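Hi there,

Here is the structure I promised to pass on. Have a look at it first, and my notes follow underneath.

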Amino acid sequence: MGTGGQLISVYPEELSFEFELGKPAYCDLKVVNNTEHHVAFKVKTTSPRKYFVRPNTSVVQPWDACTITVTLQAQKEYPPDMRCNDKFLLQSTKVPPITDVDELPPETFNKEGDKVVQELKLKVIYKAPTQLNDGNSEETGLTGAPRGSRQGSDSISVLNNSSMQEIQAVQHLKSERDAILQQNQQLQRELEMFRRRKSRRNDAGFSLTFSAFAGLVGLMLGFILNLALSSPPTA
């Protein structure tokens with residue numbers, strides 16, 4: 001098997017969110033199948049109302065990987081000391097190759113008998129938004145530079161802060177765009193799986209109807225031939 005006998009590996013091993021009031025934050029987890037088997041996984045959290053996980057259940061093919069996007073919903077207040085006690089649990093187990101993620105039975109991740117269900121615990125970290133630290137430049141201006149130099153450095157600091165805010169805004173928009181694109185791709189994959197499953201069901205229904213119709217026609221033909229052969233010849 002793979003690393004340390006684990007069915008799957010997760011990168012990174014903790015969820016890190018850039019915390020801002022009134023704004024959602026995103027974190028991507030890469031789930032890697034370390035085996036030659038199909039492996040199903042399920043994501044649980046101690047605070048399900050705060051996070052949106054997509055997908056929270058899936059099947060990874062042998063030696064393949066998939067990406068989970070975890071969204072921290074917009075919060076109205078900062079946590080004490082920016083510390084988070086939320087935890088995530090990722091369960092994994094082997095499943096048959098023909099298993100569809102929409103057909104996983106409810107007891108897939110139950111620990112019963114000799115079935116192996118592995119668990120990985122992931123902690124959550126909140127980080128403050130990146131800001132430009134201009135304290136050193138201010139101290140330098142106060143101790144050794146003339147007043148004109150201090151004013152010039154203050155103006156440059158304001159420009160730098162403005163530029164940094166614009167860069168952060170662009171990076172935030174890019175991260176939101178990437179998260180939306182990933183969610184759209186996942187929704188498209190789920191829609192395609194739904195269409196294939198519906199097509200299989202329609203094909204099965206058509207084949208049963210056609211078989212019944214063919215059997216009925218056969219019975220009618222047999223009955224007609226039986227009547228024709230059994231009727232006495234006319235003089």
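Let me start in the sheet: Leu29 stands opposite Ile68 in strand 7. Please keep in mind that this is a predicted model.

Leu29 belongs to strand 3, which covers residues 25–33. Strand 3 and strand 7 are antiparallel partners, paired over eight bridges. Strand 3 also pairs with strand 1 (residues 8–11), again antiparallel, through four bridges. In that pairing, Val10 is the residue opposite Val31 of strand 3.

Which side chains of strand 3 are buried? Those of Ala25, Cys27, Leu29, Val31 and Asn33, which point to one face. Tyr26, Asp28, Lys30 and Val32 point to the other face and are not buried. This is the pattern to expect, because side chains in a regular strand alternate between the two faces of the sheet. So Leu29 and Val31, which we met above in the strand pairings, are both on the buried face.

Now for the part you may want to open in your own tools, the pockets. The largest pocket has a volume of about 720 Å³. It is lined by 29 residues, and the closest to its centre are Ser58, Val59, Gln186, Arg189 and Met193. Strand 6 (57–60), strand 7 (65–72) and helix 2 (147–230) are the elements that give two or more residues to this lining. Helix 2 gives the most, with nine residues. By character, the lining divides into nine nonpolar, 11 polar and nine charged residues. Strand 7 thus appears twice in these notes: it pairs with strand 3, and it contributes to the pocket lining.

Best wishes

Key
Residues are numbered from 1 along each chain as its sequence is written. This is a predicted model: local features need pLDDT of at least 70, side-chain atom pairs count only at pLDDT 80 or more; totals for chains, interfaces and linings use all residues. Side-chain values use heavy atoms; hydrogens and water are left out. On a 1 Å grid over the protein atoms alone, a cavity is a set of points where a 1.4 Å probe fits but cannot get out, and a pocket is an open set with protein on both sides within 12 Å along at least five of seven lines; lining residues have an atom within 4 Å of a point. Grid points are joined across faces, edges and corners, and a volume is the space filled by probe spheres set on the points. Ala, Val, Leu, Ile, Met, Phe, Trp, Tyr, Cys and Pro count as nonpolar, Asp, Glu, Lys and Arg as charged, and the others, Gly among them, as polar. Buried means under 20% relative accessible area, exposed over 50%, partly exposed in between (1.4 Å probe, protein chains only). Two strands pair if DSSP finds at least two bridges between them.
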